[in-house]
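Dear colleague,

Please find below the structure that I am handing over to you. A summary of what was found in it follows.

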Amino acid sequence: MSEAQVIVVTIGTENFEFTVTNREYNKFVDSMAGGKVTMGAYNLLSNTVKQEQHATLKSMLVDGNNNPKSTLVMEAVGVITEDFTSDLPKVVKTRASSANSSKETDLSNS
């Protein structure tokens, strides 16, 4: 994965350009782990949006009390996450056979 990835997300009728780095994305994941999901997502959007678009983005993402609109923020971050992680290899758990399960099967047939 490249160091920075430019991702365009359309919110309403506006196209916003986000330049996402591993560092910024890691901060977002860390904030989620700390229980600050909406603020972490909002900060990712605010910190990575093209500077000229920041004010427009903020006006769309916060309510009259300057609180992030969770659903809209999370939808936008979902699009970014999908695009940002699309070139990562897939991680899948495979079922491994074990000697114990074979013995258990043999014992149950006795």
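**The hairpin**

In this predicted model, strand β1 (residues 4-11) has two faces: Gln-5, Ile-7, Val-9 and Ile-11 lie on the covered one, while Ala-4, Val-6, Val-8 and Thr-10 lie on the uncovered one. This arrangement follows a general rule, since side chains in a regular strand alternate between the two faces of the sheet.

Strand β2 (residues 14-21) pairs with β1 in the antiparallel sense, over 8 bridges. One of the residues of the uncovered face, Thr-10, has Asn-15 of β2 as its bridge partner. The two strands form a hairpin with 2 residues between them, and Gly-12 in the turn has a positive phi of about 65°.

**Helix α1**

Helix α1 (residues 22-33) has 12 residues. From its first C-alpha to its last, α1 reaches 16 Å, close to the 16 Å expected at 1.5 Å a residue. Which residues of α1 are buried? They are Glu-24, Tyr-25, Phe-28 and Ser-31. Because these residues cover an arc of only 120° around the axis, they are on the same side of α1. The cover over them includes β2, α2 and α4 (70-84). The face of α1 turned away from the buried side carries Arg-23, Asp-30 and Ala-33, which are exposed. Just after α1, Gly-35 takes a positive phi of about 85°.

**The nonpolar core**

In soluble globular proteins, nonpolar side chains tend to be buried together. Here, the largest nonpolar core has 21 residues, and those with the most contacts inside it are Phe-18, Val-20, Leu-45, Leu-57 and Ile-80. At least two residues of this core come from each of β1, β2, α1, α2, α3 and α4. The element that gives the most is α4, with 5 residues.

Val-20 may serve as an example. Not counting residues up to four places away in sequence, Val-20 touches Glu-3, Ala-4, Gln-5, Ile-7, Tyr-25, Leu-44, Thr-48, Ile-80 and Phe-84. Among these contacts of Val-20 are Gln-5 and Ile-7, which belong to the covered face of β1, and Tyr-25, which is one of the buried residues of α1.

**A loop residue**

Gln-53 is found in the loop between α2 (37-48) and α3 (54-61). Is Gln-53 buried or exposed? Gln-53 counts as buried because its relative accessibility is 17%, and the cut-off for buried is under 20%. Leaving aside neighbours within four places in sequence, Gln-53 is in contact with Asn-15, Phe-16 and Glu-17.

Yours sincerely

Key. Residues numbered from 1 in each chain as written. Predicted model: local features only at pLDDT ≥ 70, side-chain atom pairs only at ≥ 80, totals over all residues. Heavy atoms only, no water. Buried < 20%, exposed > 50% of the residue type's maximum accessible area, 1.4 Å probe, protein only. Helix = DSSP H or I, 4+ residues; strand = E, 2+ residues; numbered from the N terminus. Pairing = 2+ DSSP bridges. Contact = heavy atoms within 4.5 Å. Expected span 1.5 Å × (residues − 1). Arc of directions from axis to C-beta. Core = buried A, V, L, I, M, F, W, Y, C linked by side-chain atoms within 4.5 Å.
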